[in-house]
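Trainee: Could we go through this one together? I'd like to start with a helix and then move on to a sheet.

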Amino acid sequence: MGSWAKCNENPTWYEAGTYDVAVIGAGHAGCEAAFACAHLGLTTVLFTLHLDQLANLPCNPSIGGTAKGQLVREIDALGGVMGEMADLSAIQTRMLNRSKGPAVFSPRAQIDRASYSRRMKERIEKEENISLIQGEIVELFWEEQDGEAQKLRITGVRTRSGACYHVRAAVICSGTYMESRTIRGEVIVESGPDGLSRSVGLSQSMREAGIPMQRFKTGTPVRVNARTVDTSVMEIQPGEPDMPPFSYANEMKGVVPKQEQIPCYAVWTTPLTKQVISDNMDRSPLYSGVIEGTGPRYCPSIEDKFMRFKEKSRHQIFVEPMGEGTQELYLQGFSTSLPEEIQVQMVHSLPGLEHAHIQRAAYAIEYDCIDPQSMDLSMESTKLEGLFTAGQINGSSGYEEAAAQGLMAGINAARKLRGEPPVILDRSQAYIGVLIDDLVTKGTREPYRMMTSRAEYRIFLRQDNADMRLTKIGKEIGLISDERYSAFEAKMNAIEEEKERLRSTHLPPSPKLHEILERCGSTVNKSGISLAELIKRPEIHYSDLAEVDEKRPELSQDVIFAVEVDIKYEGYLALEEERIKKFARLEKKKLSKDIPYDQISGLRLEARSKLMERKPMSLGQASRISGVSPADIAVLLVYLESKGKEDNGARDDG
Amino acid sequence: MEKPYCACATPPGISGIAVIRMAGEGSAEVCDRVFSLKRAFSEAKSVKEMSGYTVAYGLIHDPASSEIIDEVLVTRFCAPHSYTGEDSVEISCHGGVTVRQEILRVLLENGARMAEPGEFTRRAFMAGKIDLSQAEAVMDVIASDSELALRAAESQLQGTLRSQIRKISEELYVTFAALEMLIDEPDDEDAAAMFSSNADALAAVREKMQSLINTYRQGRILSERMSVVICGIPNSGKSSLLNCLSGYDRAIVTNVPGTTRDTLEVVTSMGGVPVRLIDTAGIRRTEDPVEAIGVSRAEDALWEADIVLWLVSSEEDYEQNIEMLTTVMNLPSETKVGLLISKSDCTSKEACEALHEKILSDMKEKECKRSADYYEVISSVSREGIEGIEKFVRETYESLGTDHARGVMLTNQRHYALLTSAAEKLDRCIGLLRSGSSPEEPSLILRTAMEDLGEITGDSVSDALVQTIFSRFCVGK
């Protein structure tokens, strides 16, 4: 299996072309991967099962949200496309978590699904280095390296119709399509999401290459027709039209989200909802054992929520528009795999939805994915050289998580072919770093969702400073244009200048200042005070001081935000910096691949076998492998010390 | 093959016996080259044949010259049942400096090498015999020369402190998790109620931390020793008392006033409590610049003391004591003061009593802020009252109050600093929660507090710590 030789033997197969990289799947991960490869000068072939469903949003019609909004900003700062495209198709924008501190402010946009897909398709089609092809990849080709059966390298891919492509690398972004089946109660259909056809065979080919596979489950709620819904009894959730865009590039170009925004609505489940669900639990495939895949704990179905949180009598459901040219509404928080007829009763138990007409029923979907622990931190498989994977195939869930991985996998596939070291973001640099490190180092047994609590250095990993953290890296990779980089530098200068100005501008006591301070509920000062000292007070904001700050320059919203956060949270940021320094010390201790862990007797047995198997890159990464305890790390530290083997060689990780 | 490594495991200086330790593959063979076995348990004819945990009697000789060096006992340890997990032997020899050096010399000439600083413990650690906090405790055991300090270090060795800190950490984690959940769940309900209930929970944990921190008042003394300062006007018998209490002729005792120009320190144990016994220059007005420095050092020592023993000698001109009286009787109340009427062998009981009365009335007259915590008539010559002083030291130590039954005590300065830092952060966190700020800041503070605790238990590893711990070991441990 897997050899090119077969291509010549099989009369229905043919050689269809040669590319640097094949990207398999054109969802959020695949599109980012293809753009990254193409922008870095690689000839790229992008395969999709359905040309009309590119970058589809088969679940919630929104991009961003808690922790996910941070990911979108980071993708953009590195030169990815998700943020740019989301801004163009946004029909409502909001900043979540406003009450919870600026570190966790999270932008979210409701997206016109059809528009998003159409725009993405057009952009890909216009891209010089990408060949977009509708075709199902069913087999990977590889060869042994140095005659060793354990060292395989990818050489090509084959479509179901027999087209064989020579490639030097591949990025698989198969989403939930591999060997998938959808489930509604007793009704099981072998299909991908949205009733689209699934991928058959690719998963088997990967298995044959030695890649360990898992089976996961996720789900999506019903869609109803707005004409049949009474939104007047619901709590309205309007947008915030004055939000800055996701994309720094759009900000530069002056692209702002749509001003006439479409609202969302919120309702609560009723006692009847609970009744309907508990009366029919015996028909739930989750509890009857029909579903084998592991579902996401953080995005549970509604029946799961009622079963697991018995003390909660009700749950909140959000009603979200699917787009402008459609009446379809999405019921967020109401995903289920109960039979269709029960779904009707469940929907009708909700206020305002008593007569709702269901256009698409909810379903659970099971699919094949890999054990991400078989990748290294560059997202390349340790089993099959040249094969990268990104998105739900790696066990994650969510569009943003997928796009972030697609971008990094694309970048690293390109860098590998260009003979450059991989770019690996660490946990103190980006949510993207946390995401990939979690998947690769710890693995996951359920669909992995990004959450702010997964990031240890959150005060530093904010959505507003994603550009400060990553634009320079994006520039070095080659995905940030000179024009955009100088705009970034100008912004950084503006922030520094403004901070300096606030620190050095002292205000004498005056009736105006007095009045402002009283209005803000702040203590009145008798001697002079600097603007920075005033902003440091939690109750005073930059905007409050406009009247007394006469020489205030004209600044953009995001510069003001950054200045304010930097001044207000100075103490916390300093604390975080200390923690990051501590963290970096273990990350910098590189572990060479030939350390004989099995012979270090101080390590516990489990740690020895885990370390032998995983060969972590650094002591820091080793410390996060489950089964490796702090005591084992201390042993390794002393081992490195006594062997003097420590490799402090300058390895540039980004 | 790697050479076995050896070092003297007992402290330098003259002692009854000394122990030389050798570990690593081939230890028994190297030992056999220099050891003629005379009598052993079972049929063993050589160290190699001995089974683990058995002892043999014999002679160490130099194979080069056939000279006998010492009569010794050799204890055999077989891998993995030894301190480092390797084959090893311990040679118990006579305690003279030359004997030890000679034995080490013949071992080195016959296939062993000198151990590196901390190597025995590092190897024990590498063999998984002890963990990091136990390694740290080993150091404390080695450094301890009083019974109480040893007991505290042993309890740490067994991990009692660690399990208590871990429990505190787990309790903090509950609140941490609640705060994190609040951040991740954008639509959760009553944040304010959640803040206040978590502030209460943290306050309860904070109290537990405080009682652990309080044990350091005693614990510090076990690692850093209690400082007992002897003061009094020149020629009041301070140096004699020091010598009497320490059992050495450490201080030069003469009857020329002002002999002791600097502070003198003796490390000893009194009533089982490890102490630094400090003899000060007498406090008096002086023109001699060198003596003046001594006087000011004496005053510093008084302020840093845990216990001040103020000596008043009945035969001296009493008026000279007034300056001393106002200094001592205005020390902070945490400093325990013992008033000692010295040289009882030279004066009558009645004269001593009269002197005591005089001091008490002068204290009243000078409106002193405090009085003496203890009074005794002593003699360094007849040892009258000496036992009483030791009891006073012991009682002072015990009054610092630790629940000994629970057996957990902070003795290590590093642990104390980390725990105090975590406690301060907890205070900040509680304050933030009570003022109802956003969850982000208290969550960060709480996380750093847990990281501090993790450095005590070894659950967060830092390379700096590993370095420090192993560099503090001396050769042979």
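Trainee: Which helices do the buried residues of α13(A) pack against?

Mentor: This is a predicted model, and in it the buried residues of α13(A) pack against α3 (68-78), α12 (399-417) and α21 (619-623) of chain A.

Trainee: How many of the residues of α13(A) are buried?

Mentor: The helix is mostly covered, with 10 of its 12 residues buried; among them are A:Y431, A:L435, A:D438 and A:V440.

Trainee: And how far apart are its end C-alpha atoms, against the span one should expect?

Mentor: They are 15 Å apart, and because 12 residues at 1.5 Å a residue should span 16 Å, the two values agree for helix α13 (residues 431-442) of chain A. After the helix comes A:G443, which has a positive phi, near 75 degrees.

Trainee: Changing topic, where does A:F334 lie?

Mentor: A:F334 lies in the loop between β17 (328-332) and α11 (340-348) of chain A.

Trainee: Is A:F334 buried or exposed, and why?

Mentor: A:F334 counts as buried, because it has 26 C-beta neighbours inside 10 Å, and the cut-off for that label is 20 or more.

Trainee: Which residues is A:F334 in contact with, leaving aside its neighbours within four places in sequence?

Mentor: With those neighbours left aside, A:F334 is in contact with A:P221, A:V222, A:I302 and A:I317. As for A:E420, which is 86 residues apart from A:F334 along the chain, the two C-alpha atoms are separated by 46 Å.

Trainee: On to chain B: in what order do the 6 strands of the open sheet come?

Mentor: The order is β9-β10-β8-β11-β12-β13 (chain B), and the pairing is mixed. In chain B, β9 (264-270) and β13 (374-377) stand at the edges and each has a single partner strand, so one side of each is left without a neighbour in the sheet. From one strand to the next, the twist averages 25 degrees.

Trainee: In which sense do β12 and β13(B) pair?

Mentor: Strand β12 (residues 336-342) of chain B pairs with β13(B) in the parallel sense, over 4 bridges, and B:L339 stands opposite B:Y375 in β13(B).

Trainee: Last thing, what pLDDT does chain B average, and which of its elements has the lowest mean?

Mentor: Chain B averages a pLDDT of 80, and 81% of the residues score at least 70. Among the elements of chain B, helix α16 (residues 463-471) has the lowest mean pLDDT, 63, whereas helix α1 (residues 27-34) has the highest, 95. The model itself scores ipTM 0.78 and pTM 0.81.

Key
Residues numbered from 1 in each chain as written. Chains lettered and ligands numbered in written order. Predicted model: local features only at pLDDT ≥ 70, side-chain atom pairs only at ≥ 80, totals over all residues. Pairing = 2+ DSSP bridges. Helix = DSSP H or I, 4+ residues; strand = E, 2+ residues; numbered from the N terminus. Axes fitted to C-alpha atoms, helices over the stretch in contact; angles between N-to-C directions. Contact = placed C-beta atoms within 7 Å. pLDDT = per-residue confidence, 0-100. Expected span 1.5 Å × (residues − 1).
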